[in-house]
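These are my notebook entries on a structure I was asked to examine. I record what I looked up and what I found.

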Amino acid sequence: MMTELSESLLQRIGSGDKSAVSDCLDRYGGLVWSLARRFTSSQADAEDAVQEIFISLWKSAQRFDPAKASEVTFVAMVARRRLIDLNRKRQSAAAVSSQSLDSVEPAALNDPTDSVSINDEAAQALQVLNELPDEQAQAIKLSVYSGLTHNQIAERMGLPLGTIKTHIRRGLVKVRDRLKPVIADQGGQV
Amino acid sequence: MSMHPSSSELEYLDDLLIEQAVHGLSDAERVELDQLSRRFKVTDDDRFESAIAALDLAAYCGQRPDEMPADLRQRVLEDAPHYVTAEDPASALDSGEIDRVVLPMSTLQPPKPAVWTSREKWFGLAAAASLLIALASLLGLFGSPGGYEQPGRTIPSLAQQYQDLVDSEGTVAVAWAVNDNSGGSQPAGNVVWNNDRQEGFMRLDGLAVNDPTVEQYQLWIFDSARSDELPVDGGVFDVTSEGEIIIPVDARLPITEATRFAITIEQPGGVVKSERERLPLLAVIEEAAAP
């Protein structure tokens, strides 16, 4: 079960506490595995990616700043960053797999306390997305969740390329700006 | 050049930061981001990355994550002692693990005191969970793979978008002229551009199919407001089939007045500044070049 702790696992890992590694895997292993599956096209690639992501996490744990993002958001950020790098190396930069959309469909919401996203930042991000004009929200979903390029989104939505860029920029600026007070309000906790 | 960025430059900087966070940058884009960051003395930040990470988490709203395979977990555990050490934080920077976060000046704000609150753990969990459930229910965000489609809406093809732009007031069209036919082909077509809409398309027929792992085509837009030495990157593209194709122009900076378009052949991912050693097509806009 995901729980919030007063002491950050990444801060413990950053200070060299190897005992925190297992706890970190318990807490974030499922999330990282799910993200890796979403971004890769095979089990083997996903497993390689997970190993690389956790190596990146161990190396960057000292730089985790709870005043800037919650721990789970930091983990998701490092994971996406590493997955992008790996995909680009495989010359498939936009290679969110074709089954991505299926993979992010919600499961039954019967036990939310077990979910990876019990996190104010995720809730706020979702809320901002809901408040955006339809076309802005749609462009962001196609970009972030489906991995489509701006050109592909423009073609799919039937809008000029410049309009798509503007929609995505304006929408994500709103998400970004909304998250800052949330992070502060969490007191830096996960 | 002024150290004060224009709004369009800041928007472009944000576009690069967003692209970096969502898809990653090409080498050419990375150079551009570095140059803009240095030029405007941008400081570190990763707030777009945080925002997109939060959206990633939201995608799993109320969803129990898959369990990591036990053997994979074991491998990660065995790897960890090699990397979990009490090293100097500066070494993390040196390692290149986190080396690419920049903040546009538009987002720089005076530091504010953090608001630290101590909330009960389960109260916070319950509140957040309730909010997520409510939001997920309201949104139906991930209801179906086709959920992004708008029922009943017909999405115009590139050909229709091209024609729509051709029919728009203020659009100029100019035919491609073969500048270098060392490849033996005689490509034809035109480029259309609308300055008000900052939108354009290339219609190309007969341009040689390229192998994107070896080389790619890159469009350049010459702007009367800029030096001819520094045309604006109009996007990297591939020709994947013979016959006529339509490619949207992807101008990386606002164009004041386009005067010429050139297509060069560059390394995969394109370049920031072309040596123009291979320039197969050129299109020069003359006055009153209406379609």
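**Loops in chain B**

I began with Gln198(B), which I found in the loop of chain B between β3 (188-194) and β4 (199-205). I note at once that the model is a predicted one. I looked up the backbone of Gln198(B) and read a phi near 50°, a positive value in a residue other than glycine. Most residues other than glycine have a negative phi, so I marked the entry. I then asked how accessible Gln198(B) is. Its relative accessibility is 27%, so I entered Gln198(B) as partly exposed; the class lies between the buried limit of under 20% and the exposed limit of over 50%.

Next I turned to Arg276(B), in the loop between β8 (258-266) and β9 (281-284) of chain B. Arg276(B) is not a glycine, yet its phi is positive, at about 55°. With a relative accessible area of 31%, Arg276(B) is also entered as partly exposed.

My third loop residue was Ser168(B), which sits between α7 (158-166) and β1 (171-175) of chain B. Is Ser168(B) buried or exposed? I entered Ser168(B) as buried, because its relative accessibility is 17% and the limit for buried is under 20%. Leaving aside residues up to four places away in sequence, I found that Ser168(B) touches Asn194(B) and Arg197(B).

**Chain A as a whole**

I counted 9 helices and 0 strands in chain A. Read along the sequence, the pattern is α-α-α-α-α-α-α-α-α. Of the 190 residues in chain A, 61% are buried. I also looked up contacts between residues at least 6 apart in the sequence of chain A, and 66% of these join residues at least 24 apart. The accessible surface of chain A is about 6,500 Å², and carbon and sulfur atoms account for 45% of that surface.

**Helix α6 of chain A**

Helix α6 of chain A covers residues 120-131, and I read 16 Å from its first C-alpha to its last, close to the 16 Å expected for its 12 residues. I then asked how many of the 12 residues of α6(A) are buried. The count is 9, so I describe α6(A) as largely enclosed by the rest of the structure. Among the buried residues are Asp120(A), Glu121(A), Leu126(A), Val128(A) and Leu129(A).

**Helix α7 of chain A and its partner**

For α7(A), the end C-alpha atoms are 16 Å apart, which agrees with the 16 Å that its 12 residues should span. In α7(A), 10 of the 12 residues are buried, so I describe this helix too as largely enclosed by the rest of the structure. The buried residues include Gln136(A), Lys141(A), Leu142(A) and Ser143(A). Just after α7(A), I noted a positive phi of about 70° at Gly147(A).

I then looked up a helix pair across the two chains. The axes of α7 (residues 134-145) of chain A and α3 (residues 47-58) of chain B come within 11 Å and cross at roughly 85°. I therefore entered α7(A) as roughly perpendicular to α3(B). Which residues make the contact? From α7(A) they are Ile140(A), Val144(A) and Tyr145(A), and from α3(B) they are Ile52(B), Leu55(B), Asp56(B) and Ala58(B). By class, I recorded 6 nonpolar, no polar and 1 charged residues in this contact.

Key. Residues numbered from 1 in each chain as written. Chains lettered and ligands numbered in written order. Predicted model: local features only at pLDDT ≥ 70, side-chain atom pairs only at ≥ 80, totals over all residues. Heavy atoms only, no water. Helix = DSSP H or I, 4+ residues; strand = E, 2+ residues; numbered from the N terminus. Expected span 1.5 Å × (residues − 1). Buried < 20%, exposed > 50% of the residue type's maximum accessible area, 1.4 Å probe, protein only. Axes fitted to C-alpha atoms, helices over the stretch in contact; angles between N-to-C directions. Parallel < 35°, antiparallel > 145°, perpendicular 65-115°, else oblique. Contact = heavy atoms within 4.5 Å. Nonpolar A, V, L, I, M, F, W, Y, C, P; charged D, E, K, R; others polar. Areas by Shrake-Rupley, 256 points an atom, 1.4 Å probe, with all protein chains shown as cover.
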